[in-house]
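Student: Could you choose one part of this model and take me through it closely, keeping the cut-offs explicit as you go? I would then like to see how that part fits with the rest of the chain.

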Amino acid sequence: MMDDQALRDLHNVIVFAMLDGDLNDKECAFIERLASRMGMDQATLDDLCRQIRDGHKSISMPKSPADAEKAVQMLAEAAAVDGTISTPERRLLQRICRHVGLDEQHVEMLIEAVLPASDETPSVDADARQAADDERDRRLEAMSQEVYERFASWDAPARAEKLHAMAAHGAAAVIPLLRMLESYRAPDGMDDPQELKSLITEELGGLADERAIYYLAQQINIGDLDDESTSANLRGTAAAALGKIVGQPMSPDAEGIAAARKWWRDVGRLKHDRLAF
């Protein structure tokens, strides 16, 4: 069942996509994929679209800065699904970003990140985009180092918030998160890295990037039943995250872990048995 935040995010995406009229085929396909990853069935999605057409067209942003940035990223992806972002869409994105405290430069970074590359883009734009990418990568590296150095001193909500802030960078955060997931390093002051890894798997599931599939499968330890009890939480969160990415109902428990192992054995390893970095 979808949580309130996921339902709100999907509602916002549909409202945004309808800004220039009804939904086109590409927008419909994007929304259907997003709904599937969030666990919404077609009947519920149809009802949500009907409510929006009937007048429920307000956009409601989360209060958390990290959640707000992630929601804006989702809106930018929806706007760019047809290969361009119209002037009204850009203006609304800018207005939403100002409302949640994101500056103009950040808006442009989000837009550049989701638009397809063009051979006709002037070199000065390419240089500016590369500089923005480099700065984003430095921020992600600094955030990952902070997690390792201060994780033990944070309470549970703060730990989740810090990982969520990394994931708010969207596709660019996938590789840094995967490197942390694969690392044997435990946060300073902690003997076991499993709590950190569990939070990382949850964020990877939310990002729904296929590059994470192989690594999530390894955390589930397909075919390796050692330490089942001590690794149950990490295996479960990895199974649930894998299910979100591949559109399969996998719960964060023994049943979901078994379903994830079966999916990997029957389907996943044939397509995704490869490294992303």
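Tutor: Ala 208 is buried because its relative accessibility is 9%, where buried stands for under 20% relative accessible area, exposed for over 50% and partly exposed for anything in between, with a 1.4 Å probe and protein chains only. The residue sits in the loop between helix H10 (194-207) and helix H11 (213-220), and its phi is positive, about 55°, although Ala 208 is not a glycine. This is a predicted model, in which local features need pLDDT of at least 70 and side-chain atom pairs count only at pLDDT 80 or more, while totals for chains, interfaces and linings use all residues. Residues are numbered from 1 along each chain as its sequence is written, and side-chain values use heavy atoms, with hydrogens and water left out.

On the H11 side of that loop, Gln 219 lies within helix H11 and counts as buried because its relative accessibility is 13%. Apart from neighbours within four places in sequence, Gln 219 has contacts (heavy atoms within 4.5 Å) with Leu 181, Glu 182, Lys 197, Leu 234, Arg 235 and Ala 238.

On the other side of the loop, H10 packs against H8: the axes of these two helices come within 10 Å and cross at roughly 40°, each axis being a line fitted to C-alpha atoms over the stretch in contact and the angle running from 0 to 180 degrees between N-to-C directions. H8 is therefore oblique to H10, given that angles under 35 degrees count as roughly parallel, over 145 as roughly antiparallel, 65 to 115 as roughly perpendicular and the rest as oblique. The crossing of H8 and H10 is right-handed; the term applies when the near helix is turned clockwise from the far one by less than a right angle, and left-handed when anticlockwise. From H8, the residues Arg 159, Ala 160, Leu 163, His 164 and Ala 167 take part, and they meet Glu 195, Leu 196, Leu 199, Ile 200, Glu 203 and Leu 207 of H10. Sorted by class, the contact of H8 with H10 comprises seven nonpolar residues, one polar and three charged, with Ala, Val, Leu, Ile, Met, Phe, Trp, Tyr, Cys and Pro taken as nonpolar, Asp, Glu, Lys and Arg as charged, and the others, Gly among them, as polar.

Two residues of H8 deserve a separate look. Arg 159, which belongs to helix H8, is buried because its relative accessible area is 11%. With neighbours within four places in sequence set aside, Arg 159 is in contact with Phe 151, Ala 152, Trp 154, Met 190, Glu 195 and Leu 199. Lys 162 is also placed in helix H8, but Lys 162 counts as partly exposed, because its relative accessibility is 30%. Its contacts, again without the neighbours within four places in sequence, are Glu 146, Val 147 and Trp 154. Between the C-alpha atoms of Lys 162 and Leu 199 the distance is 9.7 Å, with 37 residues of separation in sequence.

H8 has a further partner in H4. The axes of helix H4 (residues 65-79) and helix H8 (residues 156-167) come within 8 Å and cross at roughly 25°, so H4 is roughly parallel to H8. The crossing of H4 and H8 is left-handed, and the residues in contact are Ala 66, Asp 67 and Lys 70 from H4 with Glu 161, His 164 and Ala 165 from H8. By class, that contact of H4 with H8 holds two nonpolar, one polar and three charged residues.

H4 in turn meets helix H2 (residues 25-38), the axes of H2 and H4 coming within 10 Å and crossing at roughly 145°. Here Phe 30, Leu 34 and Met 38 of H2 touch Met 74, Glu 77 and Ala 78 of H4, which divides by class into five nonpolar residues, no polar and one charged.

As for the whole chain, the protein has 13 helices and zero strands, both being DSSP runs numbered from the N terminus (helices H or I, at least four residues; strands E, at least two). Buried residues make up 45% of its 277 residues, and of the contacts with a separation of 6 or more, 66% are between residues 24 or more positions apart. The accessible surface comes to about 14,600 Å², with 48% of it belonging to carbon and sulfur atoms, as given by the Shrake-Rupley method with a 1.4 Å probe, where for residues only the protein chains shown count as cover.
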